[in-house]
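Reader: I have just opened my first model and would love some help reading it. Could you take me through a few terms and tell me how each one is justified?

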There are 2 protein chains.
Amino acid sequence: MIKVALIGCGGMMPLPNRYLTSMLFSYNGKMVLVDCGEGTQVSLKLLKWGFKAIEVICFTHYHADHIAGLPGLLLTIGNSGRTAPLTIIGPKGLLDVIRGLTIICPNIPFELRLMEIYEKEQVFEIMEDFYIYTIDVEHTIPCVAYTIEIKRRRKFNPDKARKQNIPMFLWNRLHKGEEVVFEDKVFTPNMVLGEKRKGIKISYCTDTRPIECLVDFVKEADLFICEGMYGEDESIDKAMANKHMLFSEAALLAKKANVKELWLTHYSPALKEPAIFLERSRNIFKNTLLGEDRMIKTLNFK
Amino acid sequence: MIKVALIGCGGMMPLPNRYLTSMLFSYNGKMVLVDCGEGTQVSLKLLKWGFKAIEVICFTHYHADHIAGLPGLLLTIGNSGRTAPLTIIGPKGLLDVIRGLTIICPNIPFELRLMEIYEKEQVFEIMEDFYIYTIDVEHTIPCVAYTIEIKRRRKFNPDKARKQNIPMFLWNRLHKGEEVVFEDKVFTPNMVLGEKRKGIKISYCTDTRPIECLVDFVKEADLFICEGMYGEDESIDKAMANKHMLFSEAALLAKKANVKELWLTHYSPALKEPAIFLERSRNIFKNTLLGEDRMIKTLNFK
(Lines give C-alpha, C1' and ligand atoms only; values in the text may rest on other atoms or scores of the structure.)
Protein backbone atom coordinates (compact mmCIF):
# COMPACT_ATOMS: atom_id res chain seq x y z
CA MET A 1 0.00 0.00 0.00
CA ILE A 2 1.17 3.50 -0.84
CA LYS A 3 0.22 6.50 1.26
CA VAL A 4 0.91 10.14 0.55
CA ALA A 5 0.42 13.03 2.97
CA LEU A 6 0.73 16.72 2.26
CA ILE A 7 2.42 17.88 5.49
CA GLY A 8 1.74 21.57 4.94
CA CYS A 9 0.35 23.80 2.23
CA GLY A 10 1.97 27.19 2.95
CA GLY A 11 4.72 29.10 1.19
CA MET A 12 7.30 31.67 2.33
CA MET A 13 6.73 31.53 6.09
CA PRO A 14 5.03 29.22 8.59
CA LEU A 15 1.70 30.59 9.80
CA PRO A 16 -0.27 29.81 12.96
CA ASN A 17 -2.82 27.83 10.94
CA ARG A 18 -0.73 26.66 7.99
CA TYR A 19 2.48 24.61 7.98
CA LEU A 20 5.01 24.94 5.18
CA THR A 21 4.72 22.83 2.02
CA SER A 22 6.18 19.35 2.34
CA MET A 23 5.16 15.82 1.29
CA LEU A 24 5.56 12.46 3.01
CA PHE A 25 5.44 9.30 0.90
CA SER A 26 5.13 5.87 2.50
CA TYR A 27 5.60 2.47 0.85
CA ASN A 28 6.32 -0.90 2.39
CA GLY A 29 7.37 0.56 5.73
CA LYS A 30 9.79 3.04 4.18
CA MET A 31 9.14 6.78 3.98
CA VAL A 32 10.41 9.60 1.78
CA LEU A 33 10.01 13.22 2.87
CA VAL A 34 10.18 15.97 0.26
CA ASP A 35 11.06 19.41 1.71
CA CYS A 36 11.27 20.27 5.39
CA GLY A 37 10.55 23.87 6.37
CA GLU A 38 10.34 25.39 9.82
CA GLY A 39 7.69 23.42 11.75
CA THR A 40 7.47 20.39 9.42
CA GLN A 41 8.35 18.09 12.32
CA VAL A 42 5.39 19.41 14.31
CA SER A 43 2.94 18.62 11.50
CA LEU A 44 4.61 15.20 11.09
CA LYS A 45 4.00 14.60 14.79
CA LEU A 46 0.32 15.43 14.34
CA LEU A 47 0.19 13.03 11.38
CA LYS A 48 1.39 10.15 13.60
CA TRP A 49 3.20 8.10 10.96
CA GLY A 50 6.37 8.14 13.09
CA PHE A 51 9.87 9.40 12.32
CA LYS A 52 12.12 6.35 12.44
CA ALA A 53 11.14 5.00 8.99
CA ILE A 54 12.12 8.18 7.12
CA GLU A 55 14.76 6.75 4.76
CA VAL A 56 15.18 9.66 2.37
CA ILE A 57 14.75 13.42 2.64
CA CYS A 58 14.59 15.27 -0.69
CA PHE A 59 14.95 19.02 -1.16
CA THR A 60 13.58 20.96 -4.10
CA HIS A 61 15.86 23.90 -3.27
CA TYR A 62 17.52 25.70 -0.37
CA HIS A 63 15.19 28.56 0.49
CA ALA A 64 14.55 28.59 4.23
CA ASP A 65 10.83 27.77 3.87
CA HIS A 66 11.81 24.41 2.33
CA ILE A 67 14.75 23.38 4.52
CA ALA A 68 15.00 25.32 7.83
CA GLY A 69 13.29 22.46 9.70
CA LEU A 70 16.04 19.97 8.86
CA PRO A 71 18.27 20.26 11.98
CA GLY A 72 15.32 19.80 14.33
CA LEU A 73 13.92 16.93 12.29
CA LEU A 74 17.26 15.10 12.28
CA LEU A 75 17.39 15.37 16.09
CA THR A 76 13.81 14.12 16.39
CA ILE A 77 14.56 11.19 14.05
CA GLY A 78 17.57 10.48 16.27
CA ASN A 79 15.35 10.54 19.36
CA SER A 80 13.01 8.05 17.64
CA GLY A 81 15.79 5.47 17.88
CA ARG A 82 17.05 5.51 14.32
CA THR A 83 20.66 4.43 13.85
CA ALA A 84 20.48 3.34 10.18
CA PRO A 85 21.90 5.75 7.58
CA LEU A 86 19.57 8.37 6.11
CA THR A 87 19.84 9.62 2.54
CA ILE A 88 19.48 13.30 1.64
CA ILE A 89 18.94 14.29 -2.00
CA GLY A 90 19.10 17.87 -3.24
CA PRO A 91 20.34 20.18 -5.98
CA LYS A 92 23.85 21.57 -6.34
CA GLY A 93 25.10 23.05 -3.07
CA LEU A 94 23.79 20.23 -0.89
CA LEU A 95 27.09 19.60 0.90
CA ASP A 96 27.61 23.23 1.91
CA VAL A 97 24.00 23.62 3.06
CA ILE A 98 24.06 20.45 5.15
CA ARG A 99 27.43 21.36 6.62
CA GLY A 100 26.05 24.79 7.54
CA LEU A 101 22.78 23.61 9.08
CA THR A 102 24.16 20.66 11.03
CA ILE A 103 26.43 22.96 13.06
CA ILE A 104 23.46 23.20 15.44
CA CYS A 105 22.82 19.43 15.59
CA PRO A 106 26.31 17.94 15.62
CA ASN A 107 25.64 14.61 17.35
CA ILE A 108 23.06 12.84 15.20
CA PRO A 109 23.20 9.09 15.95
CA PHE A 110 23.07 8.02 12.29
CA GLU A 111 25.05 8.58 9.12
CA LEU A 112 23.89 11.08 6.51
CA ARG A 113 24.37 9.96 2.92
CA LEU A 114 24.34 13.05 0.76
CA MET A 115 23.40 12.68 -2.89
CA GLU A 116 23.85 15.91 -4.79
CA ILE A 117 21.95 16.15 -8.07
CA TYR A 118 24.37 16.94 -10.89
CA GLU A 119 22.31 16.28 -14.04
CA LYS A 120 19.37 18.14 -15.53
CA GLU A 121 17.37 14.95 -15.10
CA GLN A 122 18.37 12.20 -12.70
CA VAL A 123 17.11 8.88 -11.29
CA PHE A 124 17.74 7.41 -7.85
CA GLU A 125 16.89 3.78 -7.11
CA ILE A 126 15.76 3.67 -3.48
CA MET A 127 15.12 -0.05 -3.55
CA GLU A 128 13.85 -2.61 -6.02
CA ASP A 129 10.99 -1.10 -8.07
CA PHE A 130 11.15 2.15 -6.05
CA TYR A 131 12.53 5.15 -7.95
CA ILE A 132 12.91 8.88 -7.40
CA TYR A 133 13.27 11.08 -10.51
CA THR A 134 14.34 14.72 -10.55
CA ILE A 135 14.24 17.42 -13.19
CA ASP A 136 15.57 21.00 -13.13
CA VAL A 137 12.82 23.62 -12.94
CA GLU A 138 12.75 27.39 -13.19
CA HIS A 139 12.98 29.28 -9.89
CA THR A 140 15.10 32.18 -8.60
CA ILE A 141 17.77 29.69 -7.45
CA PRO A 142 18.54 26.11 -8.60
CA CYS A 143 15.45 24.02 -7.95
CA VAL A 144 14.15 20.59 -8.96
CA ALA A 145 10.81 18.80 -9.17
CA TYR A 146 10.39 15.21 -7.93
CA THR A 147 8.53 12.18 -9.20
CA ILE A 148 8.36 9.07 -7.06
CA GLU A 149 7.44 5.91 -8.90
CA ILE A 150 6.72 2.43 -7.64
CA LYS A 151 7.02 0.17 -10.66
CA ARG A 152 4.95 -2.92 -10.93
CA ARG A 153 6.44 -6.07 -12.41
CA ARG A 154 4.70 -7.99 -15.16
CA LYS A 155 2.94 -11.09 -13.85
CA PHE A 156 4.95 -14.34 -14.02
CA ASN A 157 3.15 -17.24 -15.67
CA PRO A 158 4.44 -20.54 -14.17
CA ASP A 159 2.42 -22.66 -16.65
CA LYS A 160 4.17 -21.01 -19.57
CA ALA A 161 7.53 -21.55 -17.86
CA ARG A 162 6.86 -25.23 -17.27
CA LYS A 163 5.61 -25.80 -20.83
CA GLN A 164 8.86 -24.33 -22.17
CA ASN A 165 10.92 -26.45 -19.74
CA ILE A 166 12.55 -23.45 -18.09
CA PRO A 167 14.37 -24.56 -14.93
CA MET A 168 12.71 -23.17 -11.82
CA PHE A 169 15.93 -21.59 -10.46
CA LEU A 170 15.87 -19.17 -13.43
CA TRP A 171 12.31 -17.97 -12.82
CA ASN A 172 13.15 -15.18 -10.40
CA ARG A 173 15.70 -13.56 -12.73
CA LEU A 174 13.27 -13.74 -15.64
CA HIS A 175 10.56 -12.22 -13.44
CA LYS A 176 12.91 -9.29 -12.69
CA GLY A 177 13.25 -8.73 -16.45
CA GLU A 178 16.66 -10.30 -17.05
CA GLU A 179 17.51 -12.29 -20.14
CA VAL A 180 19.19 -15.58 -19.10
CA VAL A 181 21.45 -17.98 -21.01
CA PHE A 182 21.53 -21.55 -19.64
CA GLU A 183 22.98 -24.63 -21.33
CA ASP A 184 23.26 -22.71 -24.62
CA LYS A 185 19.60 -21.74 -24.56
CA VAL A 186 18.41 -18.13 -24.33
CA PHE A 187 15.44 -17.42 -22.09
CA THR A 188 13.78 -14.00 -22.32
CA PRO A 189 11.30 -12.37 -19.92
CA ASN A 190 8.74 -12.19 -22.72
CA MET A 191 8.58 -16.00 -22.72
CA VAL A 192 7.07 -16.08 -19.24
CA LEU A 193 5.73 -12.64 -18.32
CA GLY A 194 2.25 -11.21 -18.80
CA GLU A 195 1.32 -7.76 -20.04
CA LYS A 196 2.95 -4.54 -18.82
CA ARG A 197 1.29 -3.20 -15.65
CA LYS A 198 0.99 0.36 -14.49
CA GLY A 199 2.79 1.29 -11.30
CA ILE A 200 2.06 4.24 -9.05
CA LYS A 201 3.43 7.68 -9.87
CA ILE A 202 3.40 10.73 -7.61
CA SER A 203 4.81 14.08 -8.71
CA TYR A 204 5.70 17.05 -6.49
CA CYS A 205 6.52 20.36 -8.03
CA THR A 206 7.30 23.66 -6.28
CA ASP A 207 8.74 26.45 -6.60
CA THR A 208 8.79 27.06 -10.34
CA ARG A 209 7.23 28.57 -13.42
CA PRO A 210 5.13 26.04 -15.39
CA ILE A 211 7.87 25.15 -17.87
CA GLU A 212 7.03 22.83 -20.75
CA CYS A 213 9.32 19.94 -19.75
CA LEU A 214 7.17 19.43 -16.64
CA VAL A 215 4.33 18.09 -18.80
CA ASP A 216 6.33 14.97 -19.67
CA PHE A 217 7.84 14.73 -16.22
CA VAL A 218 4.46 14.49 -14.45
CA LYS A 219 2.69 12.69 -17.35
CA GLU A 220 -0.25 10.59 -16.14
CA ALA A 221 0.76 10.83 -12.50
CA ASP A 222 -1.74 9.30 -10.10
CA LEU A 223 -1.28 12.34 -7.92
CA PHE A 224 0.27 15.66 -8.90
CA ILE A 225 1.08 17.97 -5.99
CA CYS A 226 1.83 21.36 -7.50
CA GLU A 227 2.39 24.86 -6.22
CA GLY A 228 -0.29 27.48 -6.62
CA MET A 229 1.31 30.51 -5.02
CA TYR A 230 -1.32 32.95 -6.32
CA GLY A 231 -5.04 32.34 -6.78
CA GLU A 232 -6.01 35.15 -9.10
CA ASP A 233 -4.84 35.37 -12.72
CA GLU A 234 -4.18 39.07 -12.20
CA SER A 235 -1.04 38.12 -10.21
CA ILE A 236 0.71 36.87 -13.35
CA ASP A 237 3.37 39.62 -13.22
CA LYS A 238 4.22 38.74 -9.63
CA ALA A 239 4.25 35.03 -10.49
CA MET A 240 6.64 35.64 -13.38
CA ALA A 241 8.91 37.91 -11.35
CA ASN A 242 9.07 35.60 -8.32
CA LYS A 243 9.15 32.42 -10.44
CA HIS A 244 5.99 30.93 -9.05
CA MET A 245 2.67 29.72 -10.50
CA LEU A 246 -0.94 30.76 -10.55
CA PHE A 247 -3.65 28.24 -9.68
CA SER A 248 -4.68 28.30 -13.35
CA GLU A 249 -1.15 27.54 -14.55
CA ALA A 250 -0.94 24.51 -12.27
CA ALA A 251 -4.33 23.35 -13.54
CA LEU A 252 -3.21 23.73 -17.15
CA LEU A 253 -0.09 21.65 -16.46
CA ALA A 254 -2.27 18.97 -14.87
CA LYS A 255 -4.55 18.95 -17.91
CA LYS A 256 -1.73 18.79 -20.47
CA ALA A 257 -0.05 15.99 -18.54
CA ASN A 258 -3.33 14.12 -18.13
CA VAL A 259 -2.73 13.43 -14.44
CA LYS A 260 -5.41 11.75 -12.35
CA GLU A 261 -5.61 14.32 -9.55
CA LEU A 262 -4.09 17.71 -8.75
CA TRP A 263 -3.48 19.07 -5.25
CA LEU A 264 -2.65 22.76 -5.05
CA THR A 265 -0.19 23.89 -2.38
CA HIS A 266 2.44 26.50 -1.38
CA TYR A 267 -0.11 29.28 -1.01
CA SER A 268 1.19 32.80 -0.52
CA PRO A 269 0.73 34.01 3.10
CA ALA A 270 -1.46 36.76 1.59
CA LEU A 271 -3.80 34.09 0.14
CA LYS A 272 -6.07 33.69 3.14
CA GLU A 273 -8.93 31.88 1.37
CA PRO A 274 -7.68 29.69 -1.48
CA ALA A 275 -11.22 28.30 -1.91
CA ILE A 276 -12.30 31.52 -3.66
CA PHE A 277 -10.16 30.56 -6.66
CA LEU A 278 -10.83 26.83 -6.81
CA GLU A 279 -13.68 26.94 -9.31
CA ARG A 280 -11.54 28.71 -11.89
CA SER A 281 -8.91 25.96 -11.68
CA ARG A 282 -11.58 23.29 -11.96
CA ASN A 283 -12.79 24.83 -15.18
CA ILE A 284 -9.35 24.03 -16.60
CA PHE A 285 -8.69 20.73 -14.80
CA LYS A 286 -11.72 19.20 -13.16
CA ASN A 287 -10.04 16.99 -10.58
CA THR A 288 -8.29 19.83 -8.75
CA LEU A 289 -8.27 19.75 -4.95
CA LEU A 290 -7.11 22.44 -2.56
CA GLY A 291 -4.19 21.18 -0.53
CA GLU A 292 -4.65 21.25 3.24
CA ASP A 293 -2.25 20.37 6.05
CA ARG A 294 -2.07 16.59 6.52
CA MET A 295 -4.36 15.75 3.61
CA ILE A 296 -3.86 12.04 2.89
CA LYS A 297 -4.30 9.75 -0.10
CA THR A 298 -3.98 5.98 -0.20
CA LEU A 299 -3.12 4.39 -3.54
CA ASN A 300 -3.21 0.76 -4.59
CA PHE A 301 -2.06 -0.99 -7.74
CA LYS A 302 -4.87 -1.50 -10.21
CA MET B 1 6.77 50.88 29.95
CA ILE B 2 8.51 47.52 29.89
CA LYS B 3 6.80 44.40 28.61
CA VAL B 4 8.08 40.85 28.71
CA ALA B 5 6.57 37.87 26.89
CA LEU B 6 7.53 34.24 27.21
CA ILE B 7 7.23 33.13 23.57
CA GLY B 8 7.28 29.43 24.29
CA CYS B 9 7.85 27.14 27.26
CA GLY B 10 9.06 23.88 25.67
CA GLY B 11 12.47 22.27 25.55
CA MET B 12 14.19 19.90 23.11
CA MET B 13 11.61 19.91 20.31
CA PRO B 14 8.60 21.99 19.25
CA LEU B 15 5.30 20.30 20.05
CA PRO B 16 1.83 20.83 18.54
CA ASN B 17 0.70 22.65 21.69
CA ARG B 18 3.98 24.06 23.01
CA TYR B 19 6.46 26.38 21.29
CA LEU B 20 10.15 26.34 22.20
CA THR B 21 11.50 28.50 25.02
CA SER B 22 12.22 32.08 24.05
CA MET B 23 11.66 35.52 25.57
CA LEU B 24 10.75 38.87 24.02
CA PHE B 25 11.54 42.06 25.92
CA SER B 26 10.11 45.40 24.85
CA TYR B 27 11.13 48.86 26.05
CA ASN B 28 10.59 52.25 24.47
CA GLY B 29 9.73 50.79 21.06
CA LYS B 30 12.80 48.57 20.95
CA MET B 31 12.68 44.80 21.37
CA VAL B 32 15.20 42.16 22.41
CA LEU B 33 14.56 38.49 21.64
CA VAL B 34 16.39 35.84 23.62
CA ASP B 35 16.61 32.44 21.86
CA CYS B 36 14.80 31.50 18.65
CA GLY B 37 13.97 27.84 18.15
CA GLU B 38 11.99 26.23 15.35
CA GLY B 39 8.56 27.91 15.29
CA THR B 40 9.42 30.96 17.42
CA GLN B 41 8.34 33.26 14.58
CA VAL B 42 4.88 31.65 14.55
CA SER B 43 4.37 32.28 18.27
CA LEU B 44 5.69 35.84 17.76
CA LYS B 45 3.07 36.30 15.05
CA LEU B 46 0.34 35.16 17.45
CA LEU B 47 1.69 37.63 20.04
CA LYS B 48 1.20 40.53 17.60
CA TRP B 49 4.00 42.80 18.85
CA GLY B 50 5.42 42.96 15.31
CA PHE B 51 8.86 42.04 13.96
CA LYS B 52 10.40 45.26 12.72
CA ALA B 53 11.39 46.60 16.15
CA ILE B 54 13.51 43.58 17.07
CA GLU B 55 16.89 45.28 17.60
CA VAL B 56 18.82 42.49 19.26
CA ILE B 57 18.63 38.69 19.17
CA CYS B 58 20.51 36.92 21.98
CA PHE B 59 21.38 33.24 22.07
CA THR B 60 22.06 31.25 25.23
CA HIS B 61 23.73 28.48 23.19
CA TYR B 62 23.64 26.77 19.81
CA HIS B 63 21.48 23.71 20.31
CA ALA B 64 18.84 23.53 17.56
CA ASP B 65 15.91 24.04 19.95
CA HIS B 66 17.31 27.50 20.77
CA ILE B 67 18.43 28.72 17.34
CA ALA B 68 16.95 26.74 14.41
CA GLY B 69 14.25 29.40 13.89
CA LEU B 70 16.78 32.14 13.11
CA PRO B 71 16.91 31.95 9.28
CA GLY B 72 13.12 32.08 8.98
CA LEU B 73 12.85 34.89 11.53
CA LEU B 74 15.47 36.98 9.72
CA LEU B 75 13.47 36.64 6.49
CA THR B 76 10.26 37.58 8.26
CA ILE B 77 11.92 40.60 9.87
CA GLY B 78 13.12 41.51 6.37
CA ASN B 79 9.56 41.19 5.04
CA SER B 80 8.39 43.51 7.82
CA GLY B 81 10.33 46.31 6.17
CA ARG B 82 13.36 46.48 8.42
CA THR B 83 16.51 47.87 6.83
CA ALA B 84 18.30 49.03 10.00
CA PRO B 85 21.13 46.82 11.30
CA LEU B 86 20.24 44.06 13.74
CA THR B 87 22.56 42.91 16.53
CA ILE B 88 23.09 39.26 17.37
CA ILE B 89 24.75 38.31 20.67
CA GLY B 90 25.88 34.79 21.53
CA PRO B 91 28.62 32.66 23.04
CA LYS B 92 31.85 31.58 21.35
CA GLY B 93 31.19 30.13 17.91
CA LEU B 94 28.65 32.77 16.89
CA LEU B 95 30.32 33.64 13.57
CA ASP B 96 30.48 30.02 12.36
CA VAL B 97 26.90 29.32 13.40
CA ILE B 98 25.51 32.42 11.71
CA ARG B 99 27.56 31.78 8.57
CA GLY B 100 26.19 28.21 8.50
CA LEU B 101 22.54 29.07 9.09
CA THR B 102 22.34 32.06 6.77
CA ILE B 103 23.28 29.91 3.75
CA ILE B 104 19.50 29.36 3.44
CA CYS B 105 18.57 33.06 3.78
CA PRO B 106 21.33 34.84 1.85
CA ASN B 107 19.54 38.06 0.89
CA ILE B 108 18.44 39.65 4.14
CA PRO B 109 17.82 43.38 3.55
CA PHE B 110 19.66 44.54 6.68
CA GLU B 111 23.11 44.23 8.18
CA LEU B 112 23.82 41.69 10.94
CA ARG B 113 26.11 42.95 13.69
CA LEU B 114 27.56 39.91 15.40
CA MET B 115 28.80 40.29 18.98
CA GLU B 116 30.49 37.18 20.21
CA ILE B 117 30.77 36.87 23.98
CA TYR B 118 34.40 36.35 24.96
CA GLU B 119 34.42 36.90 28.73
CA LYS B 120 32.98 34.83 31.56
CA GLU B 121 30.82 37.84 32.39
CA GLN B 122 30.08 40.61 29.93
CA VAL B 123 27.97 43.74 29.56
CA PHE B 124 26.44 45.19 26.38
CA GLU B 125 25.02 48.71 26.35
CA ILE B 126 22.08 48.65 23.96
CA MET B 127 21.25 52.31 24.47
CA GLU B 128 21.38 54.81 27.30
CA ASP B 129 20.28 53.12 30.55
CA PHE B 130 19.54 49.84 28.70
CA TYR B 131 22.00 47.01 29.43
CA ILE B 132 22.32 43.31 28.65
CA TYR B 133 24.53 41.23 30.97
CA THR B 134 25.75 37.69 30.32
CA ILE B 135 27.38 35.05 32.50
CA ASP B 136 28.75 31.59 31.61
CA VAL B 137 26.59 28.76 32.91
CA GLU B 138 27.01 24.98 33.06
CA HIS B 139 25.51 23.04 30.15
CA THR B 140 26.78 20.31 27.81
CA ILE B 141 28.13 22.99 25.44
CA PRO B 142 29.10 26.66 26.06
CA CYS B 143 26.00 28.46 27.29
CA VAL B 144 25.20 31.78 28.95
CA ALA B 145 22.40 33.30 31.03
CA TYR B 146 21.06 36.80 30.34
CA THR B 147 19.99 39.69 32.50
CA ILE B 148 18.37 42.72 30.91
CA GLU B 149 18.40 45.85 33.03
CA ILE B 150 16.81 49.21 32.48
CA LYS B 151 18.56 51.58 34.87
CA ARG B 152 16.75 54.50 36.34
CA ARG B 153 18.59 57.79 36.84
CA ARG B 154 18.51 59.62 40.12
CA LYS B 155 16.10 62.55 40.07
CA PHE B 156 17.61 65.96 39.19
CA ASN B 157 16.80 68.75 41.61
CA PRO B 158 16.83 72.10 39.72
CA ASP B 159 16.32 74.12 42.94
CA LYS B 160 19.51 72.68 44.41
CA ALA B 161 21.35 73.41 41.17
CA ARG B 162 20.19 77.03 41.12
CA LYS B 163 21.05 77.59 44.79
CA GLN B 164 24.61 76.40 44.12
CA ASN B 165 24.86 78.61 41.02
CA ILE B 166 25.54 75.67 38.70
CA PRO B 167 25.27 76.86 35.07
CA MET B 168 22.31 75.29 33.32
CA PHE B 169 24.37 73.91 30.42
CA LEU B 170 26.12 71.57 32.87
CA TRP B 171 22.89 70.10 34.28
CA ASN B 172 22.49 67.31 31.75
CA ARG B 173 26.00 65.96 32.27
CA LEU B 174 25.54 66.00 36.04
CA HIS B 175 22.19 64.24 35.64
CA LYS B 176 23.94 61.50 33.68
CA GLY B 177 26.32 61.00 36.63
CA GLU B 178 29.37 62.85 35.32
CA GLU B 179 31.63 64.96 37.52
CA VAL B 180 32.23 68.30 35.79
CA VAL B 181 34.99 70.92 36.22
CA PHE B 182 34.06 74.45 35.10
CA GLU B 183 35.97 77.68 35.80
CA ASP B 184 38.14 75.85 38.35
CA LYS B 185 35.11 74.65 40.26
CA VAL B 186 34.23 70.92 40.65
CA PHE B 187 30.57 69.97 40.37
CA THR B 188 29.57 66.45 41.39
CA PRO B 189 26.30 64.59 40.67
CA ASN B 190 25.69 64.28 44.41
CA MET B 191 25.27 68.07 44.59
CA VAL B 192 22.09 67.97 42.47
CA LEU B 193 20.75 64.41 42.35
CA GLY B 194 18.21 62.75 44.60
CA GLU B 195 18.36 59.24 46.05
CA LYS B 196 19.29 56.15 44.06
CA ARG B 197 16.29 54.61 42.31
CA LYS B 198 15.69 51.00 41.42
CA GLY B 199 15.48 50.13 37.74
CA ILE B 200 13.88 47.05 36.21
CA LYS B 201 15.76 43.77 36.02
CA ILE B 202 14.73 40.67 34.09
CA SER B 203 16.78 37.47 34.12
CA TYR B 204 16.54 34.53 31.70
CA CYS B 205 18.36 31.35 32.45
CA THR B 206 18.31 28.08 30.44
CA ASP B 207 19.92 25.44 29.84
CA THR B 208 22.11 24.92 32.90
CA ARG B 209 22.65 23.36 36.28
CA PRO B 210 21.78 25.76 39.16
CA ILE B 211 25.36 26.94 39.72
CA GLU B 212 26.09 29.24 42.63
CA CYS B 213 27.17 32.30 40.60
CA LEU B 214 23.62 32.53 39.24
CA VAL B 215 22.37 33.68 42.65
CA ASP B 216 24.25 36.97 42.35
CA PHE B 217 23.54 37.27 38.64
CA VAL B 218 19.74 37.18 39.06
CA LYS B 219 19.75 38.89 42.51
CA GLU B 220 16.47 40.70 43.20
CA ALA B 221 15.29 40.46 39.61
CA ASP B 222 11.76 41.72 39.05
CA LEU B 223 11.18 38.68 36.90
CA PHE B 224 13.29 35.52 36.77
CA ILE B 225 12.53 33.23 33.84
CA CYS B 226 14.27 29.94 34.58
CA GLU B 227 14.32 26.47 33.11
CA GLY B 228 12.55 23.64 34.87
CA MET B 229 13.23 20.73 32.59
CA TYR B 230 12.00 18.12 35.06
CA GLY B 231 9.13 18.39 37.52
CA GLU B 232 9.85 15.56 39.93
CA ASP B 233 12.86 15.55 42.26
CA GLU B 234 13.44 11.90 41.36
CA SER B 235 14.83 13.08 38.00
CA ILE B 236 17.92 14.55 39.64
CA ASP B 237 20.28 12.02 37.99
CA LYS B 238 18.90 12.88 34.55
CA ALA B 239 19.10 16.60 35.36
CA MET B 240 22.74 16.28 36.39
CA ALA B 241 23.67 14.15 33.39
CA ASN B 242 21.92 16.38 30.84
CA LYS B 243 22.91 19.62 32.63
CA HIS B 244 19.38 20.82 33.30
CA MET B 245 17.35 21.77 36.38
CA LEU B 246 14.49 20.42 38.41
CA PHE B 247 11.55 22.69 39.26
CA SER B 248 12.74 22.62 42.88
CA GLU B 249 16.27 23.70 41.91
CA ALA B 250 14.91 26.69 39.98
CA ALA B 251 12.72 27.59 42.98
CA LEU B 252 15.69 27.38 45.34
CA LEU B 253 17.70 29.70 43.06
CA ALA B 254 14.79 32.16 43.07
CA LYS B 255 14.60 32.04 46.84
CA LYS B 256 18.35 32.51 47.40
CA ALA B 257 18.43 35.41 44.93
CA ASN B 258 15.33 36.97 46.50
CA VAL B 259 13.71 37.62 43.09
CA LYS B 260 10.18 39.01 42.91
CA GLU B 261 8.67 36.39 40.62
CA LEU B 262 9.77 33.11 39.03
CA TRP B 263 8.44 31.72 35.74
CA LEU B 264 9.32 28.11 35.02
CA THR B 265 9.96 27.13 31.39
CA HIS B 266 11.80 24.72 29.03
CA TYR B 267 9.72 21.72 30.06
CA SER B 268 10.83 18.32 28.84
CA PRO B 269 8.53 16.99 26.05
CA ALA B 270 7.78 14.10 28.45
CA LEU B 271 6.43 16.59 31.03
CA LYS B 272 2.84 16.72 29.83
CA GLU B 273 1.33 18.33 32.95
CA PRO B 274 3.77 20.69 34.67
CA ALA B 275 0.95 21.77 37.03
CA ILE B 276 1.32 18.53 39.00
CA PHE B 277 4.68 19.72 40.33
CA LEU B 278 3.91 23.40 40.93
CA GLU B 279 2.95 23.09 44.60
CA ARG B 280 6.30 21.57 45.49
CA SER B 281 8.12 24.54 43.93
CA ARG B 282 5.84 26.98 45.71
CA ASN B 283 6.77 25.41 49.02
CA ILE B 284 10.33 26.55 48.29
CA PHE B 285 9.60 29.85 46.53
CA LYS B 286 6.05 31.09 46.91
CA ASN B 287 5.83 33.36 43.88
CA THR B 288 6.47 30.64 41.30
CA LEU B 289 4.37 30.62 38.13
CA LEU B 290 4.22 27.97 35.44
CA GLY B 291 5.39 29.45 32.16
CA GLU B 292 2.93 29.24 29.28
CA ASP B 293 3.25 30.24 25.63
CA ARG B 294 2.83 34.01 25.24
CA MET B 295 2.49 34.74 28.96
CA ILE B 296 3.01 38.49 29.38
CA LYS B 297 4.12 40.80 32.17
CA THR B 298 4.11 44.58 32.18
CA LEU B 299 6.54 46.34 34.50
CA ASN B 300 6.75 49.96 35.53
CA PHE B 301 9.30 51.88 37.55
CA LYS B 302 8.31 52.23 41.19
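Reader: Why is A:I77 called buried?

Author: Happy to explain! This is a predicted model, and the label comes from counting atoms in it. A residue is buried if 20 or more other C-beta atoms lie within 10 Å of its own. A:I77 has 23 other C-beta atoms within 10 Å, so A:I77 is buried.

Reader: Where in chain A is A:I77 found, and what is A:I77 in contact with, leaving aside its neighbours within four places in sequence?

Author: A:I77 belongs to helix α3, which covers residues 70–79 of chain A. Once those sequence neighbours are set aside, the contacts of A:I77 are A:F51, A:K52, A:I54, A:R82 and A:L86. Take A:F51: 26 residues separate A:F51 and A:I77 along the chain, yet their C-alpha atoms are 5.3 Å apart.

Reader: What makes the two copies related as by a two-fold rotation axis?

Author: Chain A superposes on chain B, with an RMSD of 0.1 Å, after a rotation of 180 degrees and a shift of 0.0 Å along the axis. The two copies are therefore related as by a two-fold rotation axis. In chain A, the residue that comes closest to this axis is A:G100, whose C-alpha is at 1.8 Å.

Reader: How many residues does the contact take from each chain?

Author: There are 27 residues from chain A and 27 residues from chain B. On the chain A side, α1 (40–47), α2 (64–67), α3 and α4 (94–101) each supply at least two residues. By class, that side has 17 nonpolar, seven polar and three charged residues.

Note on methods. Residues numbered from 1 in each chain as written. Chains lettered and ligands numbered in written order. Predicted model: local features only at pLDDT ≥ 70, side-chain atom pairs only at ≥ 80, totals over all residues. Least-squares fit on C-alpha atoms with pLDDT ≥ 70 in both. Helix = DSSP H or I, 4+ residues; strand = E, 2+ residues; numbered from the N terminus. Buried ≥ 20, exposed ≤ 12 C-beta atoms within 10 Å, placed from the backbone. Contact = placed C-beta atoms within 7 Å. Nonpolar A, V, L, I, M, F, W, Y, C, P; charged D, E, K, R; others polar.
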